[in-house]
Amino acid sequence: MAAADELTFHEFEEATNLLAETPDAATTSRSDQLTPQGHVAVAVGSGGSYGAEDEVEEDSDKAALLQEQQKPQPGFWTFGYYQSFFDVDTSQVMDRIKGSLLPRPGHNFVRHHLRNRPDLYGPFWICATLAFVLAVTGNLTLVLAQRRDPSIHYSPQFHKVAVASITIYCYAWLVPLALWGFLWWRKGVRERMGPYTFLETVSVYGYSLFIFIPMVVLWLIPVPWLQWLFGALALALSAAGLVFTLWPVVREDTRLVAVALLSAVVLLHALLALGCKLYFFQSLPPEHLAPMPQVSPLPPNVPRPSTLPQSMATS
Amino acid sequence: MAEAEESPGDPGTASPRPLFAGLSDISISQDIPIEGEITIPVRSRIREFDSSTLNESVQNTIMRDLKAVGKKFMHVLYPRRSNTLLRDWDLWGPLILCVTLALMLQRGSADSEKDGGPQFAEVFVVVWFGAVTITVNSKLLGGNISFFQSLCVLGYCILPLTVAMLICRLVLLAEPGPINFMVRLFVVTVMFAWSVVASTAFLADSQPPNRKALAIYPVFLFYFVISWMILTFTP
């Protein structure tokens with residue numbers, strides 16, 4: 001079995017190099033046509049990584065791919081079109097989540113984990129889970145604070161669910177849209193690698209939000225410096241994943257544009273984490289709450305004097 | 001009979017026998033009964049549908065639907081791998097349960113609207129849009145359950161949580177305190193587990209085996225949110 005493992009590892013690398021160097025086959029086909037080249041490229045990759053497991057799975061995978069190549073492409077008004085975005089198994093989703101948790105420098109999330117089969121299941125349900133977990137743990141923080149200080153007035157605060165879900169979904173869908181648009185606009189500068197498709201960008205952002213779920217749960221511990229530590233850790237992991245994924249695409253661009261883009265991505269991510277911390281985890285009585293505090297950008301690696309809002313100093 | 005088998009039209013024979021002469025000797029010795037009825041007996045059920053559902057009393061109609069709903073409640077409370085809920089789905093039960101739950105989750109208007117618990121419309125929206133989202137998700141993943149069957153199952157499996165809401169309201173009439181909270185937490189947890197197990201028993205078979213967890217997780221999230229709404233209810 002060790003020899004087979006070695007073989008699968010080498011094939012893996014070659015497949016990803018192939019996918020990176022043939023941008024037409026890999027990425028743009030996804031946006032234009034749904035099936036042929038994209039799925040042919042997948043056959044190499046999926047055969048490599050799943051080869052150690054059941055051969056039955058591999059055969060049925062190839063059989064399914066061949067069938068799909070013969071089917072006509074469904075229009076966007078049919079149900080089958082959207083079904084192709086949910087064409088993932090449990091093991092694939094778990095693998096993608098694990099890949100987002102542990103980013104490595106050469107390890108491009110889109111190439112290694114998505115491999116031309118981006119899905120919308122992960123982003124959608126990770127955002128839903130994050131929104132509900134934010135609201136629930138925010139409420140729990142209020143309960144715990146009330147135990148310590150009975151003067152605080154407890155209320156279920158159900159409106160925070162609405163706020164959380166709107167914020168998370170807007171972030172996870174509008175920011176990838178802007179990023180994809182920007183990369184598409186700068187496409188002419190790059191010779192080698194085409195931009196990622198919109199779905200791949202959404203998938204990358206969606207899976208990168210997964211680490212915030214355990215971070216938010218750990219924020220229940222009412223020790224302030226520990227909360228900031230967890231926040232910084234999760235933000236570093238998540239932003240690193242995004243940067244490592246975007247680096248191969250922007251590195252051929254001018255230096256200014258590359259640096260500006262990557263720092264904007266990290267900044268927005270930091271803003272999201274900070275906004276969540278401040279809005280959902282204030283354990284003050286309602287009279288002292290400032291209405292949605294003015295969040296000043298505070299990226300962890302840029303030393304800049306910033307005016308701290310009142311509530312941040314006391315939370 | 002031997003005469004009948006001879007071919008009377010044989011050109012070689014110059015016999016003067018008439019055509020089919022032998023046939024006159026054939027006699028049917030037995031009585032083969034060839035008579036009978038060709039009318040299809042009308043089943044009494046058809047007769048019932050013809051005239052009775054329009055003419056029956058309103059009480060009969062309501063009781064029939066209520067009995068169907070009650071039968072499905074029993075299936076939810078004692079979940080077995082059956083497809084009663086799937087075969088004759090109806091949405092009365094989910095509507096009754098959702099309205100009951102939303103009414104019980106109402107609090108007095110003494111609190112400011114912003115900070116309070118879920119309003120009636122919020123509970124309604126969470127339940128129905130949550131159920132629709134889970135159904136669409138399970139169909140997109142390739143499940144072979146119909147839209148309304150899935151809505152029916154998800155709605156009926158709110159029954160244990162509605163019972164938990166009733167119990168919580170009764171428990172909250174007693175004095176508040178940690179024991180009060182522990183009892184409510186225990187009841188809500190048990191009913192949440194019951195809901196998830198009941199809906200899994202009905203829905204799990206409709207998914208392909210390598211995606212079952214993907215389809216069941218949203219159900220878990222859905223009942224978790226409803227349990228959270230019930231647990232945080234304070235009068």
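**Exercise 1.** Which residues touch the most other members of the largest nonpolar core?

*Solution.* Keep in mind that this is a predicted model. Start with the core itself: it holds 58 residues. Within that set, A:Tyr121, A:Leu134, A:Leu209, A:Phe212 and A:Val216 touch the most other members. Now zoom in on one of them. Leaving aside residues up to four places away in sequence, A:Leu134 touches A:Ala164, A:Ile168, A:Val216, A:Cys276, A:Phe280 and A:Phe281. Finally, look for another core apart from this one: you will find a set of 47 residues, including B:Leu86 and B:Cys168.

**Exercise 2.** Describe how much of chain A and chain B meets at their interface.

*Solution.* Begin by counting residues: 26 from chain A are in contact with 30 from chain B. Next, take the area buried between the two chains, which is about 2,600 Å², with carbon and sulfur atoms giving 64% of it. Then ask who contributes on chain A's side: A:Tyr121, A:Trp125 and A:Phe158 supply 25% of the area that chain A buries against chain B, more than any other three residues.

**Exercise 3.** Find the polar links across the interface, then sort chain A's side by element and class.

*Solution.* Salt bridges come first: the rule finds 2 between chain A and chain B. One to look up joins A:Asp87 and B:Arg211, whose closest N and O atoms are 2.8 Å apart. For polar contacts, the count is 9 residue pairs, both residues at pLDDT 80 or more. Helices H5 (79–83), H6 (90–101) and H8 (121–148) of chain A each give two or more residues to the side that touches chain B. H8(A) has the largest share, 9 residues. By class, this side of chain A has 16 nonpolar, 8 polar and 2 charged residues.

Note on methods. Residues are numbered from 1 along each chain as its sequence is written. Chains are lettered from A and ligands numbered from 1 in the order in which they are written. This is a predicted model: local features need pLDDT of at least 70, side-chain atom pairs count only at pLDDT 80 or more; totals for chains, interfaces and linings use all residues. Side-chain values use heavy atoms; hydrogens and water are left out. Contact means heavy atoms within 4.5 Å. Buried area is the accessible area (1.4 Å probe) that two parts lose on being put together, summed over both. A salt bridge is a side-chain nitrogen of Lys or Arg within 4 Å of a carboxyl oxygen of Asp or Glu. A polar contact is a pair of N or O atoms within 3.5 Å; within protein, one must be able to donate a hydrogen and the other to accept it, and residues adjacent in sequence count only if both atoms are side-chain atoms. Helices (H or I, at least four residues) and strands (E, at least two) are DSSP runs, numbered from the N terminus. Ala, Val, Leu, Ile, Met, Phe, Trp, Tyr, Cys and Pro count as nonpolar, Asp, Glu, Lys and Arg as charged, and the others, Gly among them, as polar. A nonpolar core is a set of buried Ala, Val, Leu, Ile, Met, Phe, Trp, Tyr and Cys residues joined through side-chain atoms within 4.5 Å. Buried means under 20% relative accessible area, exposed over 50%, partly exposed in between (1.4 Å probe, protein chains only).
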